[in-house]
Amino acid sequence: MLLSDSVQYLKGIGEKRAELFHKLGIFTVEDLLYHLPRGFEDRTNIKDISDLAEGETVCVKGVLAMGLRKFRARNGTWVIQTRLSDGSGVMQLTWFNAPYVEKSLEDPSAEYIFFGRVSYRRMSPEMVNPIIEKVDSGTSKMGKIVPIYPATGGLQQRSIRDAVTQAVLKLGEKLPESLPEEIRQKYNLIDIERAIRSVHMPETFDDFYTARRRLVFEEFLKLQLGVATVKAHKHKQSAVVIENVKCIADFAASLPFELTNAQKRVINEISADLKNSVPMNRLVQGDVGSGKTIVAAASMFAVAKSGYQSVMMAPTEILAEQHFAGLKKYFEPWGIKVAFLSGGQKAKERRENLELIESGEASVIVGTHAVITDKVNFANLALSITDEQHRFGVSQRTKLAGKGINSHTLVMTATPIPRTLSLVIYGDLDISIIDQLPPGRKEIKTIALTEARRAKMYEFILQELNKGRQAYFVCALVEDSDAVSAKAATDYVKRLSNGVLRGKSVGLLHGRMKSFEKEDIMKRFAAGEIDALVATTVIEVGVDVPNATIMVIENAERFGLSQLHQLRGRVGRGAEQSYCIMFGDQKSGVAKERMAVMCETNDGFKIAEKDLEIRGPGEFFGTRQHGLPEMKIGNFFTDMDILKETQGAAAEILKEDPMLENKKYDILNREVVKTFNKVGDVLN
Ligand code: ADP
Ligand code: MG
């Protein structure tokens, strides 16, 4: 079997199952071998039923003490129950919605092993949804260390494991080794053959960890090398020098408010970059409401006054439109023309805007990702800005930068990552932090409620609306589909306007609406014609309506901590007291903890730290949020040691061989280029 063979060559994988593998990005045997486990289950630990302790995850072995009992619970789920006896005691086994169980347990005389978490009910032990293995089944993985893979609906861990095991055992060629011998020796890393074998089929825990460390090291090293190369490449280019940044003072003086010290500091940092011929590559982090837009506007002002163009890209139409309206207000008095581009625009309007951009008549351009399509030709782009950077991938960011041959780039985000981490993974960016909110803001009062208190809360909301305030109601994505969440939101609007909000004007905003509809709704909400706005998470980023003081989040347990904080940031933007009200199921410990953190603090940086902490070791750290290449095995939080080690290693390698030209780096270099080319054409 060869690395390039299709997974369909493997036993047990037909066309249908192959499709499930494709969903995981696995097409070839090579893909399969590099489909790395997220962790493992310790099934070496077979225990007597009489010794089981609450909460431990173990194996028990015995025979079924009764036939299967199958019934439908009140809420409609199918339940299968039986009891297991091992000579020391008897325990209850329960499965929910697991029809395959019947088949797995069809032999009444057989001995079985069950693996799962022990809980106690009425003094007697139970396992819910344990994994089943028949003792003499030959392929038994019980009593071993079993890797756990990222999976997808319909594809069981066992199928993935079987496939991977076959691939490991039957591979007829050598795996390419990207780490030269001397690096492996220096950092005490095993070779790739052993690493891949041991990570999938570990004999001992040490085996697994040693293999994992090697693979994480490799993954992080490639990331570091890629990031460093991008940075070096950028520094070699030269950008337009914006001589006149002093004029920003005039712009600031024209604003209806005084800039905060943090805003001034960050504008100074940006100005210094703009005056330099080395292209700026700067990340501005600032909590929601800290006033990032005006910082961007000030930079665009200086660029426009020097006769060049700048562009700002926003992740949603709503936000782009809002920026367009805002920037026009700032710039028009100065005779600076602002153009707008979005996917939902009419053809004629789009053409007109494209002309403004090509002729150079517009020196400020705002839009959605429509601004990076090939059809847009800037006259003389000198600065590109990406708002809410975490919503975009690195590829979009670099693509935008690529538009103005050597433009300065500024990216802005409200999702901060801890300083230690940002230094390592944002190696290609300089960082500015707006760590101060505009004065006069009141702390948002946050509260998490159960259903029992909904009616009372609605009364309170009604009172606030009667005072002339406005409210957001955000419905969680029930499923990852626009259609479903649109329906949920529509139903919710009906309930509110036929119920507690009778007589008020209730608006609706969701991802399926046409952009002109969304724009219309947002305009009317901003103008105060709509009292309450029901929205899906399209509202999440950036929207700014200071008179809205109430944010109700339904099914808050479905949101991550950073997302909750983002949502809350839609209120607290004016002088009045604002409230964030979370409804949600707090049964899960994690959901409860998230909501507790929300109630405790308004500080985005603290929340980001907490977010990482709660996600914890088991869970994959959401790289997508930060626009980085996805890590297959490394975890930026728990593998920080290795990350730091690779930072040192990358620096050493590049010092000796900046272009990775030495033959020993051939494979490593090729893989780095491959990863980062997916990301943008920055390495050309
Ligand atoms: P974010 O950082 O979340 O993008 P925005 O740029 O949308 O924040 O700013 C939030 C609100 O604060 C806007 O209404 C903006 O006009 C206002 N604002 C920004 N800077 C100041 C300031 N220095 N003083 C008072 N209000 C400000
Ligand atoms: Mg913003």
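Helices and strands are DSSP runs, numbered from the N terminus. With that convention, M123 can be placed in the loop between β6 (112–121) and β7 (124–128). The model on display is a predicted one, and this tour proceeds from that loop to a strand and to two pairs of helices.

**The whole chain**

Before selecting single residues, display the entire protein chain. The chain contains 22 helices and 22 strands. Of its 684 residues, 52% are buried. Among the contacts with a separation of 6 or more, 72% join residues that lie 24 or more positions apart.

**First stop: M123**

Select M123, in the loop that follows β6 and precedes β7. Is this residue buried or exposed? M123 has a relative accessible area of 78%, and because the cut-off for exposed is over 50%, M123 counts as exposed. Its backbone also deserves attention. Most residues other than glycine have a negative phi. M123 is not a glycine, yet its phi is positive, at about 70°.

**Second stop: N555**

Next, select N555, which is in the loop between β21 (548–553) and α18. N555 is another residue other than glycine with a positive phi, here near 50°. Its relative accessibility is 29%, so N555 counts as partly exposed.

**Third stop: F583**

N555 is one of the residues that F583 touches, and F583 is therefore a convenient next selection, being buried at 1% relative accessibility. F583 belongs to strand β22 (residues 579–583). Which residues does F583 touch, leaving aside those up to four places away in sequence? They are L449, T450, E451, R454, M457, V552, I553, E554, N555, A556 and E557. Now add R453 to the selection. F583 and R453 are 130 residues apart along the chain, while their C-alpha atoms are separated by 9.4 Å.

**Fourth stop: helices α18 and α19**

Select residues 561–568, which form helix α18, together with residues 589–600, which form helix α19. Two packed helices are described by the angle between their axes and the distance between the axes. For α18 and α19 the angle is about 40° and the axes are 10 Å apart. The crossing of α18 and α19 is right-handed. To see the contact, show the side chains of L561, L564, H565 and R568 on α18, and of R594, V597 and M598 on α19. Classified by residue type, this contact of α18 with α19 comprises four nonpolar, one polar and two charged residues.

**Fifth stop: helices α10 and α11**

Move to helix α10 (residues 292–305) and helix α11 (residues 317–331). How are the two helices oriented? Their axes cross at roughly 50° and come within 11 Å, and α10 and α11 are therefore oblique to each other. This crossing, too, is right-handed. On α10 the contact is made by T293, I294, A297, M300 and F301, and on α11 by H323, L327, Y330 and F331. The contact of α10 with α11 has seven nonpolar and two polar residues, and no charged ones.

**Last stop: two cysteines**

Finally, select C247 and C475. C247 has 7% relative accessibility and so counts as buried. C475 is likewise buried, at 7% relative accessibility. How many disulfides does the structure hold? The number is zero.

Methods: Residues are numbered from 1 along each chain as its sequence is written. Chains are lettered from A and ligands numbered from 1 in the order in which they are written. This is a predicted model: local features need pLDDT of at least 70, side-chain atom pairs count only at pLDDT 80 or more; totals for chains, interfaces and linings use all residues. Side-chain values use heavy atoms; hydrogens and water are left out. A disulfide is a pair of cysteine sulfur atoms within 2.5 Å. Buried means under 20% relative accessible area, exposed over 50%, partly exposed in between (1.4 Å probe, protein chains only). Axes are lines fitted to C-alpha atoms, for helices over the stretch in contact, and angles run from 0 to 180 degrees between N-to-C directions. Helices (H or I, at least four residues) and strands (E, at least two) are DSSP runs, numbered from the N terminus. Angles under 35 degrees count as roughly parallel, over 145 as roughly antiparallel, 65 to 115 as roughly perpendicular and the rest as oblique. A crossing is left-handed if the near helix is turned anticlockwise from the far one by less than a right angle, and right-handed if clockwise. Contact means heavy atoms within 4.5 Å. Ala, Val, Leu, Ile, Met, Phe, Trp, Tyr, Cys and Pro count as nonpolar, Asp, Glu, Lys and Arg as charged, and the others, Gly among them, as polar.
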